[in-house]
Amino acid sequence: QVQVVESGGGSVQAGGSLNISCVASGFDFSTACMAWFRQDSGKEREGVAIINAPGGSRYADSVKGRFTISRDNAKNTLYLQMDSLEPEDTAMYYCAAHTRPRYCRDDYWRTVSRYDYWGQGTQVTVSS
């Protein structure tokens, strides 16, 4: 049974930092393509960052230089370090995974339908 559980969200003032994490089980985490998405009320779900098994990553333009994605394969855990947070970063943040490494960091990595496994999300709220 696949389980994907996010944690670490919360409320922070603009300019602050948060580190959210995701623990996954029920599939081979060490070879999976892992990503963070976010969705704010009334908006589409958007890809934030992705990381492949060896640790290569890509980011949405809106978070480059501020967010860092990482993974610990020994702990089946995915992380997202978020610095210099802005009110526009307010959203529910979701951990997502698929097990097709060939298509991990191509130009379609932000396609929601590509991902097989999703968590329930963790809320991040940034106040001005």
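Biologist: Why is Val124 called buried in this predicted model?

Modeller: Val124 has a relative accessible area of 0%, and buried means under 20%, so the label fits Val124. Val124 sits in strand E11 (residues 122–127).

Biologist: Which residues does Val124 touch, leaving out those up to four places away in sequence?

Modeller: Gly9, Gly10, Leu18, Ile20, Met82, Asp89, Thr90, Ala91 and Tyr93.

Biologist: On to the rings. What makes the Phe27 and Tyr117 pair stacked?

Modeller: A search of the whole structure turns up four aromatic pairs. For Phe27 and Tyr117, the centres are 4.8 Å apart and the planes are at 15°. Pairing needs centres within 6.5 Å, and stacked needs planes under 30 degrees apart, so this pair counts as stacked.

Biologist: Why say that this pair ties together distant parts of the sequence?

Modeller: Because Phe27 is in the loop between strands E3 (18–25) and E4 (33–39), while Tyr117 is in strand E10 (residues 117–118), parts 90 residues apart in sequence.

Biologist: And how do you know that Tyr115 and Trp118 are edge-to-face?

Modeller: Their planes are 65° apart, with 6.0 Å centre to centre; the cut-off for edge-to-face is over 60 degrees. Ring pairs also join Phe37 with Tyr115 and Trp118 in a cluster.

Biologist: Why is Trp118 called partly exposed?

Modeller: Trp118 has 24% relative accessibility, and partly exposed runs between 20% and 50%, so the term applies to Trp118. Tyr115, at 5%, counts as buried.

Biologist: What lies over the face of Tyr94?

Modeller: Arg45, at 3.8 Å from the ring centre.

Terms used: Residues are numbered from 1 along each chain as its sequence is written. This is a predicted model: local features need pLDDT of at least 70, side-chain atom pairs count only at pLDDT 80 or more; totals for chains, interfaces and linings use all residues. Side-chain values use heavy atoms; hydrogens and water are left out. Helices (H or I, at least four residues) and strands (E, at least two) are DSSP runs, numbered from the N terminus. Buried means under 20% relative accessible area, exposed over 50%, partly exposed in between (1.4 Å probe, protein chains only). Contact means heavy atoms within 4.5 Å. A charge sits over a ring if NZ of Lys or CZ of Arg is within 6 Å of the ring centre and within 35 degrees of the ring normal.
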